Amino acid sequence: MSDARKSLRAPAAELLRRCREPGVAQALRSTAAATLAYVAARYLSSEAAPLTAPLTALLVVQVTLYSTLTTGIRRVNAVVAGVLVASGFSVLVGLTWWSLGLIILASLVVGRLVRAGEFVPEVAISAMLVLGVTRVASTAWDRVLETLIGAVVGLLFNFLFAPPVWVRTAGESIEDLARRMRQLLLRIGEGLTAPVPVERAALRLHEARRLDDAVGEVDGALRQAEDSVRLNPRVKEGVLHRVVLRTGLDTLEICTVVLRVLARTLTDLAKERTDEPLFTPEVGAALEDLLSRVADAVVSFAVLVTTEASASAETAEARLAGDLAAARTSRERLAPLLLAGVRRHPRQWQLHGAVLTEIDRILDELAMEHRSRRLMEELDRAAREQRERYQRPAAVRRWARRSLRRHR
């Protein structure tokens, strides 16, 4: 019996995990909102098949509540414009190959005139879809009514059923990026006491360059997480979550740039020393140890950034402090060994110094003092922006009060 339960739990857990993915969640939410809009339109509209309502709800409902509010109005504007253009053409000429071309051109022009923004193509899309079912509807006002029904249902859907918070997904992306950086640092530290083929050094450099793509993917996940905490009743400290994750990603992005420079430095050194080790055995072992310590610190930093509970955050902070202390101790052991090696073999001395400088930059970015300063700066900036945002409405209210007093 226990084996049967375990066999059922695994698919259920996998299904639950799939439902938490942004794409799956968006599909389920859009489907539910469109269906509800169609049911509501059947009761409120005189049309037999009010398909414009679910179409509008499908376009309005977004993954996050903030994006629904910010884009919903522009989407409704685009859909209404497309409906009116299609209704006018259906009355005049109907659907032919040349009227289809005219309706697309007219819709794109109208979309610019009504300032639909990035949703200008949806004016033409809505017009074509509406024109395709023009025999079902009777007047343009029915179309507009269906559009408003779909828009209201889409907005209410996200208000009543708050979208999920994607902070955990963004945190997992940040941790994955840190682990990739760790693996690359460990691979860079391998074989430093033996001749390193230029091809292998160049391969590490290409891996470091590919981290830019990973940073872009994490940035997209983080933007979605930032939108998900804005105006979301499930989140009490949305600004703090956004600032912590954003500053953490900024730090890791800087570290990836420095890591790419480090890989480039070692590649240049490998080109100059094709038949001899990059470093002496003592220096190579010390550098490998330092890189492994830095790799651990990078992962600890990512864990600290993505940890929400205060007790767990204290543990992660202590772990990061220990990893940074160990890395600095290893760095102090490496520095005199590296200097002595350069004095014995001064060729490419600038590359040896560059290796140590780049590691110092990574450690400085991961330092607790640097992170605390960045957090305070970003929190102050967010507070200033929030005050400025509310200053204008307050000024308008004061002006209105003074005007009313004068008229009295």
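**Exercise 1. Work out what length helix α13 should have, and compare that with its end-to-end distance in this predicted model.**

Solution. Start with the count: α13 has 18 residues. At 1.5 Å a residue, a helix of 18 residues should span 26 Å. Next, take the distance between the end C-alpha atoms of α13, which is 27 Å. The two values agree. Finally, look along α13 for its buried residues: they are Leu351, His352, Ala354, Val355, Leu356, Glu358, Ile359, Ile362, Leu363, Glu365 and Leu366.

**Exercise 2. Repeat the length check for helix α5, then find which residues are buried and which are exposed.**

Solution. Helix α5 runs over residues 97–113, 17 residues in total. From first C-alpha to last it reaches 25 Å, close to the 24 Å expected. Now turn to burial: Ser99, Ile103, Ser107 and Gly111 are buried in α5. They lie on the same side of α5, because they cover an arc of only 105 degrees around the axis. The face turned away from that buried side carries Trp97, Leu105, Arg112 and Leu113, which are exposed. One last stop: just after α5, Arg115 has a positive phi of about 55 degrees.

**Exercise 3. Decide whether Glu122 is buried or exposed, and list its contacts beyond its sequence neighbours.**

Solution. First place the residue: Glu122 belongs to helix α6, residues 120–132. Its relative accessibility is 14%, and the cut-off for buried is under 20%, so Glu122 counts as buried. Setting aside neighbours within four places in sequence, Glu122 contacts Leu59, Arg75 and Ala78. For Val79, use the backbone: its C-alpha atom is 6.7 Å from that of Glu122, although the two residues are 43 apart along the chain.

**Exercise 4. Do the same for Thr251.**

Solution. Thr251 sits in helix α10. With a relative accessibility of 3%, Thr251 counts as buried. Leaving out residues up to four places away in sequence, Thr251 touches Phe301, Glu365, Leu366 and Arg374. Two of these names may look familiar: Glu365 and Leu366 are among the buried residues of α13.

**Exercise 5. Describe the largest nonpolar core and name its best-connected residues.**

Solution. Begin with its size: the core has 62 residues. Those with the most contacts inside it are Leu177, Phe279 and Val294. Then ask which elements give two or more residues to this core: they are α8, α9, α10, α11, α12, α13 and α14. To finish, zoom in on Leu177, which touches Leu211, Ala214, Val215, Val218, Leu249 and Leu252, not counting residues up to four places away in sequence.

Terms used: Residues are numbered from 1 along each chain as its sequence is written. This is a predicted model: local features need pLDDT of at least 70, side-chain atom pairs count only at pLDDT 80 or more; totals for chains, interfaces and linings use all residues. Side-chain values use heavy atoms; hydrogens and water are left out. Helices (H or I, at least four residues) and strands (E, at least two) are DSSP runs, numbered from the N terminus. The expected span of a helix is 1.5 Å times one less than its number of residues. Buried means under 20% relative accessible area, exposed over 50%, partly exposed in between (1.4 Å probe, protein chains only). The arc is that of the directions from the helix axis to the C-beta atoms. A nonpolar core is a set of buried Ala, Val, Leu, Ile, Met, Phe, Trp, Tyr and Cys residues joined through side-chain atoms within 4.5 Å. Contact means heavy atoms within 4.5 Å.
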